[in-house]
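The following exercises concern a single protein model with a bound ligand. Each task is followed by a worked solution.

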Amino acid sequence: MTSTENEPTNSVELQLARDTLGPFIDAPTAQLFLPQARQIPQAAWEIIRKVLEKNPQAREDVACLTKLLAEESQAALDLNVADLGANDAAEPSGFSLKPAERLPLTDKCHHYTGQHEVPWDIQKYFSQRYSIFSYYDDGVHMTDDAWFGVTPEPVANQIAYELSQDHYDPKKTTLIDAFGGAGGNTIAFALSERWERIISIERDADTLACAQHNAELYGVDPGAITWILGDSFDYVDKLVNSPEKLHPDLRVDLQTTMVFASPPWGGPGYRTDEVFDLSTMQPYSLHQLHEAYKKMDHLLFLPRTSDIRQIAKLAPEGQKLEVIQYCVEGASKAMGAYIPGDISPASEE
Ligand SMILES: C[S@@+](CC[C@H](N)C(=O)[O-])C[C@H]1O[C@@H](n2cnc3c(N)ncnc32)[C@H](O)[C@@H]1O
């Protein structure tokens, strides 16, 4: 049985950091960023390098680096926004977030056929490949990281079923899958044929290529899913606060949209604690997830030991929340928390 687990910082992300920082990777302050390399996009490494290059003190002094980074980031942001304004009028493809093309599979996308080919830390998951993807042998592709987080097909089908039956709200016609991964949930949502639109976001291009490929293998209608290569927090933030900055095809009505979020799981005590403190969940805490999605109904897919008292606090006044344990062969593998959004037609006007 596989479950969503912490995603290690792997050599790809470290290589990106090395390539971008060059000689500055050895600076004591730069070293502090490396454990979080997975969360740091190339544009941010470029800003870090620029600051380290210009300011020798920032190579040693964290406070100095932090201050200069804040200044640089604001300047970069101002620049992007200005660029965006110019592009908005002329050419929709100038938007930073736009529907992704069909991406080609890369050498990071594998279809392992025998145990001998499989890296040691994935072997446990490989032996359960048919309960992860029943069409595995048809050519399902995964990145090595994706094995750690993919939602197994029976669980993904159950979630899709619930959203089309028990939790069916006819007003919700668009679903955002905020952490698309290799497609486990996105494919099940599409096959349920319950949604007029599905928007699936993944920030890793190799993983997104696998998801697109796997969706095709499962016979998903090519037009059923709008894929986005990018940061889902950025997308949701723009959707809620400045939709004009989004490509027109990505602007959806908050009142008819809900979010499904299966973030990476990790953090201190995640594997060992009887009750997992969701305020320490990494890389995204419960608070961060809820803050991002709170305008819309959202279903959070969380570790099975998640602290239910912390989830209960997210209930809107006077309402109860539904929390579901997802089991495979009698053992709980994950917890789902269904949280209503706080948008109302009046607050939208
Ligand atoms: C637990 S996996 C999701 C698995 C997915 N539900 C499936 O069944 O294949 C989390 C995924 O979210 C991606 N991710 C992490 N942070 C992200 C972000 N801020 N925006 C978009 N994708 C992100 C990771 O690259 C990873 O593929």
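**Exercise 1.** Does K295 count as buried or exposed?

*Solution.* The model is predicted, so a word on its use comes first: local features need pLDDT of at least 70, side-chain atom pairs count only at pLDDT 80 or more, and totals for chains, interfaces and linings use all residues. Residues are numbered from 1 along each chain as its sequence is written.

Step 1. Apply the criterion: a residue is buried if 20 or more other C-beta atoms lie within 10 Å of its own, exposed if 12 or fewer, and partly exposed in between, with C-beta atoms placed from the backbone.

Step 2. K295 has 20 C-beta neighbours inside 10 Å and therefore counts as buried.

Step 3. Locate K295: its place is the loop between α12 and β5 (297–302). Helices (H or I, at least four residues) and strands (E, at least two) are DSSP runs, numbered from the N terminus.

Step 4. Examine the spatial surroundings: K295 and G341 are 46 residues apart along the chain, yet their C-alpha atoms are separated by 4.7 Å.

**Exercise 2.** Classify K50 and Q310 by the same criterion, and describe where each lies.

*Solution.* Step 1. K50 belongs to helix α3 (residues 42–54). It counts as partly exposed because it has 15 C-beta neighbours inside 10 Å. Its C-alpha lies 9.8 Å from that of F24, at a sequence separation of 26 residues.

Step 2. Q310 belongs to helix α13 (residues 308–312). Q310 is buried, since 20 other C-beta atoms lie within 10 Å.

Step 3. Beyond its neighbours within four places in sequence, Q310 is in contact with L278, S279 and L286; contact requires C-beta atoms, placed from the backbone, within 7 Å. Between Q310 and H287, 23 residues apart in sequence, the C-alpha distance is 9.3 Å.

**Exercise 3.** Describe how helices α10 and α11 are packed.

*Solution.* Step 1. Helix α10 (residues 205–217) has 13 residues and spans 18 Å from first to last C-alpha, close to the 18 Å expected; the expected span is 1.5 Å times one less than the number of residues.

Step 2. Of the 13 residues of α10, 10 are buried, so the helix is largely enclosed by the rest of the structure. Among them are D206, C210, Q212, H213 and N214. The elements that cover the buried residues include α7, α9, β2 and β3.

Step 3. Just after α10, G219 adopts a positive phi of about 80°.

Step 4. In α11, the buried residues include S232, Y235, V236 and L239. Seen down the axis of α11, its buried residues fall within an arc of 90°, so they line one face of the helix; the arc is that of the directions from the helix axis to the C-beta atoms. They pack against β2, β3 (225–229) and α12 (286–293).

**Exercise 4.** Which residues have the most contacts inside the largest nonpolar core?

*Solution.* Step 1. Define the object: a nonpolar core is a set of buried Ala, Val, Leu, Ile, Met, Phe, Trp, Tyr and Cys residues joined through C-beta atoms within 7 Å.

Step 2. The largest such core has 69 residues, and A178, V259, A261 and L300 have the most contacts inside it.

Step 3. Take A261: with residues up to four places away in sequence set aside, A261 touches A178, F179, L289, Y293, H298, L300 and F301.

Step 4. A second, separate core of 10 residues includes L21, A30, L65 and L68.

**Exercise 5.** Characterise the surroundings of the ligand.

*Solution.* Step 1. The ligand is surrounded by 21 residues, of which G149, T151, F179, G181 and G184 are the closest. The criterion is a C-beta atom, placed from the backbone, within 6 Å of the molecule.

Step 2. At least two residues of this shell come from each of α7 (146–149), α9 (184–191), β2 (197–202) and α11 (232–241).

Step 3. The shell divides into 7 nonpolar, 10 polar and 4 charged residues. Here Ala, Val, Leu, Ile, Met, Phe, Trp, Tyr, Cys and Pro count as nonpolar, Asp, Glu, Lys and Arg as charged, and the others, Gly among them, as polar.

**Exercise 6.** Identify backbone features that merit inspection.

*Solution.* Step 1. Most residues other than glycine have a negative phi, and most peptide bonds are trans.

Step 2. E193 has a positive phi near 55°. It lies in the loop between α9 and β2, and counts as exposed because it has 11 C-beta neighbours inside 10 Å.

Step 3. The peptide bond from Q282 to P283 is cis, with omega near 5°; P283 is in the loop between β4 (257–261) and α12.

Note on methods: Contact = placed C-beta atoms within 7 Å.
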